[in-house]
Amino acid sequence: MPAFAANLTMMFNEWDFLDRFDAAADAGFSAVEYLFPYEAAPEAIAERLARNNLRQALFNLPPGDWGAGERGIAALPGRFDDLKADVERALDYAAATGVRRLHLMAGIADPHDQEAASSYRRSVAYTAGRLAEKGIDLLLEPINGRNMPRYFLNDFAIAERLIAECGLPNLKLQFDIYHRQILHGDVTMALRRLLPITGHIQIASVPSRNEPDGEELNYPYLFGEIDRLGYDGFIGCEYIPRGQTLDGLGWFKPFARS
């Protein structure tokens, strides 16, 4: 049976950030993820995880200046020293939370620009190597241009090729089903082919990015297929509730821990 991680950036926004851990546990989740933890102290997050017997499934390395429009710096020439400092900052939070998967955002850059491509490859190789020293996987996530215009990593084939070329055992794909459907479709066949290199899966309805209980994807079928394929990681619920978070958890009730 799939195991789900509540995304505390998008879900449970009726609570302050740290209180979302309590709310997610009370709702039956056994794990959490979020975009960024860096506005809270790592010790405070660790305490909430322990108090609620929650596992930390995933979070992102620092993305640069989010408020100024940066969406990662890995593909940005001239930012390698910043990236190295960001990796160390993320590792402090990884040590506190016990997370075993971190996502590196590529940034806003032209994927056909050779300097950006070179910067990205260098950043990925360095970050994966540093994380490997701590037993942590590095994830790469293709993101669709409707939600994030001009994002560098906007194609599953590019991510697949880079993972193969790098040949690093801890470099994995972050398979967001929502982004996959918008970018390419053919979700089931892609899952069957790419699961061996997949380190994390995320879900949301398409096109509205709400609860996975309707619209154009048949999630009950996909959950069964993910189980059949033998995936044993967490499925991140990276969706925007239509209303109050708890009111939209009907789809989750069969999977909630008691």
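# Side-chain contacts and backbone features in a predicted model

Over residues 21-253 the chain is 38% helix and 14% strand, and 18 Å separate the C-alpha atoms at the two ends of this stretch. These residues are the range that UniProt lists, in an unreviewed entry, for "domain: Xylose isomerase-like TIM barrel", an annotation that may be inferred rather than shown by experiment. The model is a predicted one, and the values that follow are computed from it.

## Salt bridges

Side chains of opposite charge can pair when their charged atoms come close. In the whole structure, a search finds 17 salt bridges, and three of them are set out in the table below.

| Salt bridge | Closest N to O distance |
|---|---|
| Arg 48 and Asp 19 | 2.9 Å |
| Asp 82 and Arg 79 | 2.7 Å |
| Arg 242 and Asp 213 | 2.7 Å |

The salt bridge between Arg 48 and Asp 19 links distant parts of the chain, with Arg 48 in helix α2 (residues 42-51) and Asp 19 in helix α1 (residues 17-26), 29 residues apart. Is Arg 48 buried or exposed? Arg 48 counts as buried because its relative accessibility is 13%, which falls under the 20% limit for that class. Its partner Asp 19, in contrast, is partly exposed, having a relative accessible area of 28%.

In the salt bridge that joins Asp 82 to Arg 79, both residues are described by the intermediate class: Asp 82 is partly exposed with a relative accessible area of 37%, and Arg 79 is partly exposed with 22%.

Which parts of the chain does the salt bridge between Arg 242 and Asp 213 bring together? Arg 242 belongs to the segment after β8 (234-237), while Asp 213 belongs to the loop between β7 (198-203) and α8 (219-228), and the pair thus links distant parts of the chain, 29 residues apart. Asp 213 counts as partly exposed, at 43% relative accessibility.

Salt bridges that share partners also build a network, in which Asp 19, Asp 22, Glu 47, Arg 48 and Arg 51 are joined. The pair of Arg 48 and Asp 19 described above therefore has both of its residues in this network.

## Aromatic pairs and charges over rings

How many aromatic pairs does a search of the whole structure find? The search finds 23 aromatic pairs. One of them is formed by Phe 4 and Phe 252, whose arrangement is edge-to-face, with 6.1 Å from centre to centre and 90 degrees between the planes. This pair links distant parts of the chain, given that Phe 4 is in strand β1 (residues 3-7) and Phe 252 is in the segment after β8, 248 residues apart. Both Phe 4 and Phe 252 are buried.

A further pair, Phe 223 with Trp 251, is tilted, with ring centres 6.2 Å apart and planes at 35 degrees to each other. Because Phe 223 lies in helix α8 and Trp 251 in the segment after β8, the pair ties together parts that are 28 residues apart in sequence. Phe 223 is buried, with a relative accessible area of 6%, and Trp 251 is buried as well, with a relative accessible area of 11%.

Ring pairs link the residues of these two examples into a cluster, whose members include Phe 4, Phe 223, Trp 251 and Phe 252, together with Phe 12, Trp 15, Phe 29, Tyr 219, Tyr 239 and Phe 255.

Rings also meet charged side chains in this model. Arg 71 lies over the face of Trp 66, at 3.6 Å from the ring centre, and the charged end of Arg 122 sits over the ring of Phe 80, 3.7 Å from the centre of that ring.

## Backbone features

Most residues other than glycine have a negative phi, and most peptide bonds are trans. Against this background, the bond that joins Val 206 and Pro 207 is a cis peptide bond, with omega of about 15 degrees, and Pro 207 is found in the loop between β7 and α8.

The place of Arg 209 is likewise in the loop between β7 and α8, and its phi is near 60 degrees, a positive value in a residue other than glycine. Arg 209 is buried, with a relative accessible area of 11%. Asp 186, which is not a glycine either, has a positive phi of about 55 degrees and lies in the loop between α6 (177-183) and α7 (187-194).

Terms used: Residues numbered from 1 in each chain as written. Predicted model: local features only at pLDDT ≥ 70, side-chain atom pairs only at ≥ 80, totals over all residues. Heavy atoms only, no water. Salt bridge = Lys/Arg side-chain N within 4 Å of Asp/Glu carboxyl O. Helix = DSSP H or I, 4+ residues; strand = E, 2+ residues; numbered from the N terminus. Buried < 20%, exposed > 50% of the residue type's maximum accessible area, 1.4 Å probe, protein only. Phe/Tyr/Trp six-rings, centres within 6.5 Å; stacked < 30°, edge-to-face > 60°. Lys NZ or Arg CZ within 6 Å of the ring centre and 35° of its normal.
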